[in-house]
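Trainee: Please show me the model, and then let us go through its packing by question and answer.

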Amino acid sequence: MTTDRDAPHLFLVWTDHLTGRRGYLVVDRLVRGVASGGLRMRPGCTLEEVEGLARGMTMKEALHYDPDARYVPLGGAKGGIDCDPRAPEAYGVLVRYLRAVRPYVETVWTTGEDLGLSQDLVDRAAAEAGLVSCVQAVYPLLDDEAAARKRLADAFGVEVDGIGLDALAGGCGVAEAVLTALDRAHVPYAGTRVALQGFGTMGGATARFLARAGLSVVAIADVQGTLANPRGLDVERLLAARDPHGTVDRRALGPGDRELPGDAWLAAEAEVLVPAAVSYAVDTANQERITARWIVEAANMPVLPAAEAPLAARGVSVLPDVVVNSGTNAWWWWTLFGDIGADADEALAHIRRSMRALVGRTLDRADADGTSPRSAAHALAAERVPVIAERYGRYR
């Protein structure tokens with residue numbers, strides 16, 4: 001039960017005067033006057049959804065708290081727009097939303113890409129809306145703003161095999177969460193099969209890192225359906241054939257690749273499922289189709305709480321989103337605050353070390369408490385939030 005003391009700091013509901021589309025902003029908590037969390041665009045997005053995501057961002061920030069690091073955890077926030085990002089009017093809606101919430105982006109809310117939006121698109125819309133940057137609210141907390149902004153800009157210019165470092169950071173963290181779980185269970189990478197829902201920024205990078213680690217990606221679902229091959233899909237070929245929304249050109253399919261219904265990824269013969277697209281993808285009905293040993297939440301809130309108990313009863317372990325997909329957010333702040341530089345090798349190594357440590361702490365806590373990994377992660381965050389509040393306070 002949420003008390004008034006724990007209630008979100010801010011709710012905002014916006015209605016676009018031209019299209020009637022709704023947009024939302026929830027600031028769950030402030031630390032030194034600032035909160036962090038991405039902006040998503042999807043049809044059906046709700047205030048309740050955005051509130052849950054904002055609460056999750058508070059936990060992600062807290063879980064990465066290191067008192068010896070330059071990165072100072074922020075509060076949690078999230079934005080959402082109820083609109084199909086492929087709709088002709090979507091970009092105009094995005095610009096008008098950012099104009100409407102501009103005072104918050106300038107002072108308290110640092111944001112970036114999330115479901116349905118790319119960072120390039122958010123940056124372009126933010127500039128058109130008159131913003132200096134979508135993370136400008138954090139600038140007053142920096143020791144050297146000019147150096148920090150240059151470092152982050154340089155990092156966004158780094159590419160690895162044709163993909164931007166910013167687009168790889170989150171997927172690297174997700175992959176490391178998978179590999180950590182396999183290592184703890186003494187399961188070899190070779191022969192371990194993975195099925196993913198979503199092949200955009202997060203899903204695509206996750207697939208690449210897992211394939212390069214020796215795992216076999218046997219199913220990938222996008223908006224047109226599921227692509228499957230029990231002998232393993234050619235991830236690099238499919239990455240080269242996807243559009244900005246993560247949809248694969250079917251002309252790139254290779255021998256043995258099959259097209260299946262969109263929900264076929266759930267029942268894929270795989271040890272690991274990675275939902276990396278929409279929220280609420282696994283519910284009480286379709287969870288019965290899952291035979292995988294692990295579900296690794298690359299998306300935000302993909303497994304409904306009511307589905308988790310029957311999954312656990314069948315021996316399916318869910319690694320929670322607040323841990324698994326926290327690498328993107330942390331990479332931004334490690335770079336901006338100066339814990340790492342604009343270098344791919346340094347950044348990816350830091351993400352791997354940090355995610356392995358965080359996943360390890362979470363699973364150790366789950367074992368010690370006899371609870372789920374999600375409950376363990378929430379317990380760790382609950383212990384850290386008051387420590388951060390005492391050290392830094394909610395306001396400047």
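Trainee: Which helix gives the largest share of the largest nonpolar core?
Mentor: The largest nonpolar core has 115 residues, and Tyr 97, Trp 109 and Trp 333 are among those with the most contacts inside it. Such a core is a set of buried Ala, Val, Leu, Ile, Met, Phe, Trp, Tyr and Cys residues joined through side-chain atoms within 4.5 Å, where buried means under 20% relative accessible area (1.4 Å probe, protein chains only). This is a predicted model: local features need pLDDT of at least 70, side-chain atom pairs count only at pLDDT 80 or more, and totals for chains, interfaces and linings use all residues. Residues are numbered from 1 along each chain as its sequence is written, and side-chain values use heavy atoms, without hydrogens and water. The largest share, twelve residues, comes from helix 6.

Trainee: Are helix 6 and helix 7 parallel or oblique to each other?
Mentor: Helix 6 and helix 7 (residues 201-212) pack with their axes 7 Å apart, at an angle of about 55°. Angles under 35 degrees count as roughly parallel, over 145 as roughly antiparallel, 65 to 115 as roughly perpendicular and the rest as oblique. Helix 6 and helix 7 are therefore oblique.

Trainee: Is Gln 197 buried or exposed?
Mentor: Gln 197 lies in strand 9 (residues 193-197). Leaving aside neighbours within four places in sequence, Gln 197 is in contact (heavy atoms within 4.5 Å) with residues including Trp 265, Val 274 and Pro 275. Because its relative accessibility is 14%, Gln 197 counts as buried.

Key. Buried < 20%, exposed > 50% of the residue type's maximum accessible area, 1.4 Å probe, protein only. Helix = DSSP H or I, 4+ residues; strand = E, 2+ residues; numbered from the N terminus. Axes fitted to C-alpha atoms, helices over the stretch in contact; angles between N-to-C directions.
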